[in-house]
Amino acid sequence: MTRALCAFLLLNVFPASVFGQEYQRATTGGEDAHYLFWRDRLISFVIDSAGCPDTDIGHARSAVVNAFNVWESPPCTDLFFSFQGYADGAEPNQLSGEADGNNLIVWLDEWPPEWGADQVANTRIIWNERTGEILDVDICLNAQDYYWTASDRTVNDIQDVMVHEIGHLLGFAHTTDPEASMYDGYTEGEIIKRDLSGTDIRGVCEVYPAGMPTPGVTGLSMYDIELSTGGCQCRQGAGAPEGWMLLVLLAAFGVVLRRGSRKRPRVSGR
Ligand SMILES: [Zn+2]
């Protein structure tokens, strides 16, 4: 069963167009809001060297890389993602509170209790408050409470979830289009988000058009910085968005899990 599980802080989301396109862009919020965007179309990322505890690191890497490739594949965009290798012990900006310039993908086997065990993934963006320029994005995946897979389609599919989270990394918010990767409904084992829908493709091609600047951008550079942070909190469970602590911008991406697929509590000393 698919349920709509994600909420969005409406003040920070604007329709990208008045012509009926359904993709949504996240903004800095406030009275003088700016759309979030990457100024440089070459975006690098690293994966924590501990990889994913549930699958071979090579398979996990392939699933992550494939998810990035999905977003750069439409010929109408010139986005390009570059895997820069594995990072040893890098701390995500969710925990450090700082932008280190590395866009990090990390499975956390100790999920911060304040995030909640129903949260499947957590994407945090650091942007320039004066321009909306995205400076650093880290994506944490919950390996304490959830199983991950690159292939078997029975538990949380790495590529499926990563395509959605990378959409947030790019500055997109949730859409109401149920066919879209940026849809806020989720079913464990789904793979529908592995590929972009027409809505997602319109979004990436209009926001990051090949050879053209991103629309709705001010001229200030990233060096004129006034930092802010925000995140996508992707949760299990559902249907109760009013209970969420959406401090920030980006929305939540929830999961309905069968009880048997939750990880059992770790036994200390083993
Ligand atoms: Zn989301």
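Here is a short conversation about the predicted model shown above.

Visitor: How many helices and strands does the protein have?

Guide: Residues are numbered from 1 along each chain as its sequence is written. In this predicted model, local features need pLDDT of at least 70, side-chain atom pairs count only at pLDDT 80 or more, and totals for chains, interfaces and linings use all residues. Helices (H or I, at least four residues) and strands (E, at least two) are DSSP runs, numbered from the N terminus. The secondary structure comes to 4 helices and 13 strands.

Visitor: Where is confidence lowest, and where is it highest?
Guide: The pLDDT, the predictor's confidence in each residue from 0 to 100, has a mean of 79 in the protein, with 73% of residues at 70 or more. Residues 1-21 are below 50, and so are residues 236-260. The lowest mean, 29, belongs to strand β1 (residues 3-4), and the highest, 98, to β4.

Visitor: Which element supplies the largest share of the largest nonpolar core?
Guide: A nonpolar core is a set of buried Ala, Val, Leu, Ile, Met, Phe, Trp, Tyr and Cys residues joined through C-beta atoms within 7 Å. A residue is buried if 20 or more other C-beta atoms lie within 10 Å of its own, exposed if 12 or fewer, and partly exposed in between, with C-beta atoms placed from the backbone. The largest core here has 56 residues, and V64, A67, I134, I158, M162 and I166 touch the most other members. Elements that each supply at least two residues include β4 (42-48), β8 (134-142) and α3 (158-169), but the largest share, 7 residues, comes from α1.

Visitor: Which residues does A67 contact beyond its neighbours within four places in sequence?
Guide: Two residues are in contact if their C-beta atoms, placed from the backbone, lie within 7 Å. A67 is among the core residues that touch the most other members. Its contacts, leaving aside those neighbours, are Q159, M162, V163 and I166.

Visitor: How many residues of α3 are buried?
Guide: α3 reaches 16 Å from its first C-alpha to its last, close to the 16 Å expected at 1.5 Å a residue, where the expected span is 1.5 Å times one less than the number of residues. Its buried residues include polar names such as Q159, D160 and H164. The helix is largely enclosed by the rest of the structure, because the buried count is 12 of the 12.

Visitor: Which residues of β6 are buried on each side?
Guide: In a regular strand the side chains alternate between the two faces of the sheet. β6 is largely enclosed, since 5 of its 5 residues are buried. On one side these are L104, V106 and L108, and on the other I105 and W107.

Visitor: What is the bridge partner of V106 in β8?
Guide: Two strands pair if DSSP finds at least two bridges between them. β6 pairs with β4 in the parallel sense over 2 bridges, and 4 bridges join β6 to β8, which run parallel. In β8, the partner of V106 is C140.

Visitor: What separates the C-alpha atoms of D109 and A143?
Guide: D109 lies in the loop between β6 and β7, and its contacts beyond neighbours within four places are P53, A143 and Q144. D109 and A143 are 34 residues apart along the chain, and their C-alpha atoms are separated by 4.7 Å.

Visitor: What is the phi of R153?
Guide: Most residues other than glycine have a negative phi. R153 sits in the loop between β9 (148-149) and β10 (156-157), and counts as exposed because it has 11 C-beta neighbours inside 10 Å. Its phi is positive, near 65°.
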